[in-house]
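Colleague: Could you take me through one part of this model, namely the network of salt bridges and what lies around it? Please state the cut-off behind each term as you go.

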Amino acid sequence: NNNNNNNATRKLLEPSYSSDQDSGYMSEGESLASNPTEVTVDIAGMRRETQLIIAQLRKSESESDIGEVLINNSPNIIQCNDQITQEMCDFSDTLVFKLVKWLKNLPFYSELTLTEHTKLLTSKWCEVVLLELTGRAAMDRDDDCYAHIADSVSMLKMQLQLNMADTLDLESVFSDLDDILGRVKQVVATLSAMKIREEEKLILKVISLLKDEFESRKLTEIHSVYMSTLKNIIMLNGHTDVGGRLNVLLLQLPLIHEAAMLLLKSKLFYLPFLLHCLLYK
């Protein structure tokens, strides 16, 4: 029941912060990335502001530990058994709980309304999960991502043909899975080739969360802050083509969105398959 799910999400999102919590992000006017002449003058200030935001995002990440859920709590879809439906329900419940915890620990959480919290989570949670998944897969691979994923897909299809040929329309399953994987593989390969760093992944998840959700001035300002933070971290990491790297990172978001829409259309049926293909070693 969608109404019950939304009510449950709203309940989980009710604030649990203290009123004196520091939001910890730069205002748009303080963003050095928007004023190149100041970058050479106050690198130390930019570094302090950027490191503060990264520290807060790392704290949010460690408190929620979404990656741990994806790795260790995913249903074993390969071994078809009578408990698989319950396992998938339990996995989804745990994932939603962790996502809510992640959102509640973001630096700007206390500045948004409950309605905004709920809308952001319900509309963008799948994209956040896919960014965590693709970023983690990219950072775990030092060589040919396509080869690793291709091997995983081949093994998955072989096991499904052995175990589930009588219960699933495998031709349809493989076609749908290939549509999703086509987009996800491209993202993983790109992020791996550019050697995405953990802090870039953390910021990109927040940008994805806020992308296209500019119904309030506050959301617009927060999005601008994290865009500037991403530029700053790229610069501080010593990349000379800051704009080029930034554009490549942001160009992954439409592919993530497309893959998320396909996953949601399938009612997340393919998420365990996707986890197997990307995280299998």
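Modeller: **The salt-bridge network and its surroundings**

Glu61, Glu132, Arg136, Glu198, Lys201 and Lys205 are linked in a network of salt bridges, where a salt bridge is a side-chain nitrogen of Lys or Arg within 4 Å of a carboxyl oxygen of Asp or Glu. The model is predicted, so that local features need pLDDT of at least 70 and side-chain atom pairs count only at pLDDT 80 or more, whereas totals for chains, interfaces and linings use all residues. Residues are numbered from 1 along each chain as its sequence is written, and side-chain values use heavy atoms, with hydrogens and water left out.

Within the network, the side chains of Arg136 and Glu132 meet in a salt bridge with an N to O distance of 3.1 Å. These two residues are four residues apart in helix H6 (residues 114–140), and Arg136 and Glu132 are therefore separated by about one helical turn; helices (H or I, at least four residues) and strands (E, at least two) are DSSP runs, numbered from the N terminus. Glu132 is buried, with a relative accessible area of 0%, while Arg136, at 23% relative accessibility, counts as partly exposed. Here buried means under 20% relative accessible area, exposed over 50%, and partly exposed in between, with a 1.4 Å probe and protein chains only.

Two members of the network, Glu61 and Lys205, also appear in the lining of the largest cavity. The other lining residues are Leu57, Ser60, Trp102, Leu106, Leu202 and Val206, and helix H3 (43–64) and H9 are the elements that give two or more residues to this lining. On a 1 Å grid over the protein atoms alone, a cavity is a set of points where a 1.4 Å probe fits but cannot get out, and lining residues have an atom within 4 Å of a point. The volume of the largest cavity is about 30 Å³, a volume being the space filled by probe spheres set on the points, which are joined across faces, edges and corners. A search of the whole structure finds one cavity of 30 Å³ or more. By class, the lining has five nonpolar, one polar and two charged residues, with Ala, Val, Leu, Ile, Met, Phe, Trp, Tyr, Cys and Pro counted as nonpolar, Asp, Glu, Lys and Arg as charged, and the others, Gly among them, as polar.

Helix H9 (residues 198–210) also takes part in a salt bridge between Arg245 and Glu200, whose closest N and O atoms are 2.8 Å apart. Arg245 lies in helix H11 (residues 242–250) and Glu200 in helix H9, so this pair ties together parts that are 45 residues apart in sequence. Both Arg245 and Glu200 are buried. Glu199 forms a salt bridge with Arg197, with the closest N and O atoms 2.9 Å apart; of these two, Glu199 counts as buried at 9% relative accessibility, and Arg197 is partly exposed, with a relative accessible area of 38%. The count for the structure comes to 13 salt bridges.

As for the wider setting, the secondary structure of the protein comes to 13 helices and zero strands, and buried residues make up 46% of the 281 residues. Among contacts (heavy atoms within 4.5 Å) with a separation of 6 or more, residues 24 or more positions apart account for 82%.

Notes: On a 1 Å grid over the protein atoms alone, a cavity is a set of points where a 1.4 Å probe fits but cannot get out, and a pocket is an open set with protein on both sides within 12 Å along at least five of seven lines; lining residues have an atom within 4 Å of a point.
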